[in-house]
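Open your viewer, get comfortable, and let's take a short walk through this protein together. At each stop you'll find something to select and a note on what is there.

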Amino acid sequence: MPRTMFFDALNAAARLTALLVACVVLLSAGPAWAQLNYPQLTSIYPPGGKQGSEVEVTIAGANLDDTLKLMFSHPGLTASAKMNEADAVTPDPQPVENQFVVSIAADTPPGIYEVRTVGRYGISNPQAFQVGVLTDVLDDNKNKKFDTPTELPVGSVATGRVDAGNRDYWKTTIKKGERVLIECAAQRLDSRMDAALILYDAAGRELDRSRDVIGMDPLIDFTAEVDGDYIIAVFDYVFDGGADYTYRLAVHNRPHIDFIFPPSGLPGSNNEYTIYGRNLPGGKPSPDFDLEGLPLEMITAKIQIPDDPDTEIAGRLAPHSAGLFQSVLHRVDSPEGASNGVSVAAALAPLSLEKEPNDGSDAAQMIQVPCEFVGQFYPRSDSDWIQFEAKKGEVYNIEVYSHRLGLDVDPYMMIQKVVTDDKGEVKVTDIGEADDPRDRATKIGTDFDISTDDPSYRLEVKEDAVYRILLRDQAGSAARDPRNVYRMAITREAADFAVVCSPAPLRPANANIAVPSSLSVRKGGVVALDVNIIRYGGYEGEIEIQAENLPPGVTCQGAVSKGPHDLTALVFEADEKAVSWAGPIRVYGVAKVDGAPVRRRACGGSMVIGTANRTNALPEFRLTRDLVLAVVDKEILPVQVTLGDGEPVQTVRGAKIEVPAKVLRRDGYKDAFKLSPVGLPAELKPKDLAIAATGDGKLEIELTNAALKPGAYTFYLRGDVKFKYAGNQDAVEAAKAEQARLDAMIKDLTEKAKTDAEAKKTLALATAAKKKADASLKTLETANKEKDLTYWSVSTPVRLVVADSPVILNASSPGAVKQGEKVEIPVSVERGFDFEDAVDCTLVLPSGVAGLTGKLSIPKGMTEGKLEIAAAANATVGEHELTLSGATKFNNVTATTSTTFKIKVEAADKK
C-alpha cells in the first residue's frame, strides 16, 4: 500500500475516534458550564502576521459579546474592528462580529506576543500572536489532498488549521544544495495541535518526518539533492482537529539558533558566547555536536547581560515551569531576516564551565564555590561529576535549572562527602539526593501549576571536607540532544522570595473541569487573584502582597503571608458606581529580608487550554507578559458577602474565633447558600459558612490543630450561588430595534418597488437583511433567555494573624550575680485571648554558658512572678544573654513564648 493511502486509512479510523471523544467531552462538560458569562478566547486566526502589515483576524471563544477591542502585550500591535461597507439598507458602517484588522508596526520586534479580547463581560484569557519577517500565505482549504497542495515558496509562512482526521498539504520549490528549514509553530501559539510534519518528493516518496523538536512543535532541516517541488504534510499527531488547532508553517533559509552556551552570564557582563544552529551567517561546522544526525553550525558573539534584565521577556512566552529567573533574548541577524530568539539567563554567581571528561566519580571536576556550574546532558546517558571544598558551618543552596529552561529533561542529583584521613584513606559517604521538589505531585493538580522537574538541595556543611555532586538526566538514556543544557547554581544560602499570580478559576464547586479565566470584576462584586509565593533559603518572614494601578472604583485590601505557607490571594472589590475599564495592573511582594527592604514584582500566569475532565487530560498553563484587570459595568450580582471589618484578625494557636459575615442582597434575593474557605493550609480548615435565606452569618474558625504553625494567612470564601440570569438583554433589544427598522423600511419600499427599479433592488436587500435579523434575534433570545444559573460567589478576604502563644513574657535584667549566690528578677505576663491558666517558665542558657539555673510558675490568673536565678560556684563568668521560655496549653495545643535578658556573672569573692 502506498504510504499516502496508508495514512488515509489511519485518518478514517481517527475520524471515528475523534467523534467519540468529542461526544464524551460534550456530555461530561454540559452541566459544568452553567456559570456567569466571562469571556474565553480559544483562538485568533490567523495567529500572526508580518512586520509592517495589516492582518484581518477572526476571534473565537465563548461570551465574546460586544468585543470591540483587542489588547496586545506590545504597543506595536493595535487592532480596530472590521467594518461592513455602507449600502442602501445599512447607511452607517457596522462592525463585523468577532473580526478585526490588526496593524503591525514595522519596528515591532519579531517574536510571540499576547492578545486578549475586551468586551461586555470584561477581559479574556490571553492567546499567542506571532510577529515575523516572512511573507504570509493563508490556507485556502483546497489542500486536503496530496495532489492539490497550496503553494508555499521558500521565505514564506503559511497559516492554517487542521480538521480531525485530515492533513494539510503544501508545495514548496527548493534548489539543489539549498538548506531550508521547515518549521511548524503550534504549541508555541497556544494551539491545541500536537503538530507533526512529513516531507515528500513530488512522486510521494517520504524524505523526512518530524515531531517534538521545539517543545511539541516539529522542524525539518532539509538540503535538496535535486531541484524540484517538495510536498509538506501537516497534521495533528493523534489526528485531532478543529477551530483551535491552528499552526504557522514556515519554509525559510533564515538563521535558526538551537542553543547558546553558556546558557547564562553575570548581570552587567558583555562576554563571548558560542551560538549553535543552522544557516548561521559565517557559521562553521561544529566538531562536537549534531542534532538527529544533521550537522550544527557555530559562531561566537558577545551578548550584553544588563544589570537588571527583564524577568518577562518581550517576544517570548514562557511555559509555566520556566521559573522566575531573569534573562535576555538574543537573535542573529542576516540578509534573509532575523533568527528565532533564544534566552540567556542572568547568572546567580560566577560561571564555571563543564570540562570533559567528568563522567565518573574518579574524574569529578574540581570547582570553586559559590559558582554557577553550566554544562550539558550530552551525549546519551551522560553523567556529570563535580566536587568542591567546603568548611564546617557553611550552608549552600544547590539549584538546578534545566526543565525550567523549557527543555524536556528530568534532572537528578546525588551529593557525597569525601574525607581523607591522616593515613591517606578516602571515605565516601552518600549524604543526600534530590529529584523533583517535594511538592511536585501536589502542584500538578492545582489551578495554576508552577511545578518543575528541576531538583534543589540544601547542603549544611557539618565537617570540613570535599563534597561531590553527581548530576544526570533521568530521561537521558533515550536522548542525544546537545540542546539539553543546564545551570547548577551553588550559592551561599540566602533568604529571598518570588511571587506568581493567576486568576482564580471560574467553575462550580467540586467540578472536575478547568476553564481559562480572567480577572474581570462586576460592579458591586468581588473577584480573586490566586497568589503563589516561592520562598528561598528557608525564608518565612512576613510578605505583604500589594496591588497597584487599579482603576477608580476598584479597591484591594492586599494580602499578607508569614511562615512556610506558599498560597494566598488578592481580592478585588468594585463598588456599585464602578465603570467599564480594562488594562494592566501591577502586583508586588514587599518584605524585609535580613533587615533590608525588598520589593519583588509579581509575574503573571494563565491557563491557556482548558479541559472538560481533569482526570483524563490536564489543563495547560504558561506565564504571561502582563497582569490585567477589567471592570464589568453592565451587570451587578445578587449577593455580596463581606467578612470582618477589613482589619487583620489577631488570634493564636489553640483559639476558637468567629468572624462576622455581612450579606448584601440585591433585588430581594432570598435563597440560602454556602461558602467554603480557599487558600489555607490543611492544618487550618474553618467550617463552611452557611448563609440562611435572610440575615447575616458568622464564620467559625478553630485553630486547634497542633501542627498549625504561627504566621499570617490571607484567604477568602467561595461557593455556589443560584439565581435567575438573563445574559445580554441589550443585544436582544438591539436586535429587536434592527428588526423593527427593517420592517419599517420594507413597508416603505414595498409600494415604491412596484414602479421604481432602484427601490426594487433595495427592497430585495432589505428583505434578505430582515431574514438574517430574524434569525439573529431568535438566536439571541435563546442564548439570553432567563434561566437558573449557579455561579461561584467570592467573599471579601480575611487576613488572619496567628500568634504562637496566648501570653507574652517580659523579664527585667537583674544586673549582676556572683558565683555561689542567687538573684531574683521580676517577670510579668501579658495575657490575651481570654487565657487564664498557669505559665511554666524555664531558663535557657546559650552555648558555652553553664552553672545558672532557674524556674518559675506563674499561677492561674496571675500576671507577675519572681524568677530566682542561682549561680553555681562554677558558673561561667561574664555577661550573658539568657532566654526565659514559657510553656502553656491552650485548648490542648502546646504553645511556647520567650523573652531575653542580660545578666552579668561575677567571680566569687576570694576568701
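**Stop one: a short strand.** Start by selecting I691, which sits in strand β53, residues 689–691. Before you go further, bear in mind that this is a predicted model. Is I691 buried or exposed? Its relative accessibility is 3%, and buried means under 20%, so I691 counts as buried.

Now show what surrounds I691. Setting aside neighbours within four places in sequence, I691 is in contact with V663, R665, A672, F673 and G697. For a sense of distance, add V798 to your selection: I691 and V798 are 107 residues apart in sequence, and their C-alpha atoms lie 17 Å apart in space.

**Stop two: a loop residue.** Next, select E394, in the loop between β30 (383–390) and β31 (395–401). Is this glutamate, E394, buried or exposed? With a relative accessible area of 18%, E394 falls under the 20% cut-off and is therefore buried.

Turn on side chains here and look for K391. The backbone nitrogen of K391 lies 2.9 Å from a polar atom of the E394 side chain. Then widen the view: beyond neighbours within four places in sequence, E394 is in contact with L459, E460, V461 and R492.

**Stop three: a hairpin.** Select residues 195–201 for strand β15 and 206–211 for strand β16. These two strands run antiparallel and are joined by 5 bridges. To see how they line up, pick A196, which stands opposite R211 in β16.

Follow the chain around the turn as well. How many residues lie between β15 and β16 in this hairpin? There are 4, and G204 in the turn has a positive phi of about 90°.

**Stop four: an enclosed space.** Finish by looking for internal cavities. The count of cavities of 30 Å³ or more comes to 11. Our destination is the second largest cavity, with about 140 Å³ of space. To find the spot, select Y38, L506, V527, W792 and V794, which are the closest to its centre among the 14 residues lining it.

Which elements give two or more residues to the lining of the second largest cavity? They are β39 (526–536) and β56 (787–794), so color those two strands if you like. Color by residue class too: the lining of this second largest cavity has 12 nonpolar residues, 1 polar and 1 charged.

Conventions: Residues numbered from 1 in each chain as written. Predicted model: local features only at pLDDT ≥ 70, side-chain atom pairs only at ≥ 80, totals over all residues. Heavy atoms only, no water. Pairing = 2+ DSSP bridges. 1 Å grid on protein atoms, 1.4 Å probe; cavity = no way out; pocket = protein on both sides within 12 Å on 5 of 7 lines; lining within 4 Å. Points joined across faces, edges and corners; volume = space filled by probe spheres on them. Nonpolar A, V, L, I, M, F, W, Y, C, P; charged D, E, K, R; others polar. Buried < 20%, exposed > 50% of the residue type's maximum accessible area, 1.4 Å probe, protein only. Polar contact = N/O pair within 3.5 Å; in protein donor to acceptor, adjacent residues only side chain to side chain. Contact = heavy atoms within 4.5 Å.
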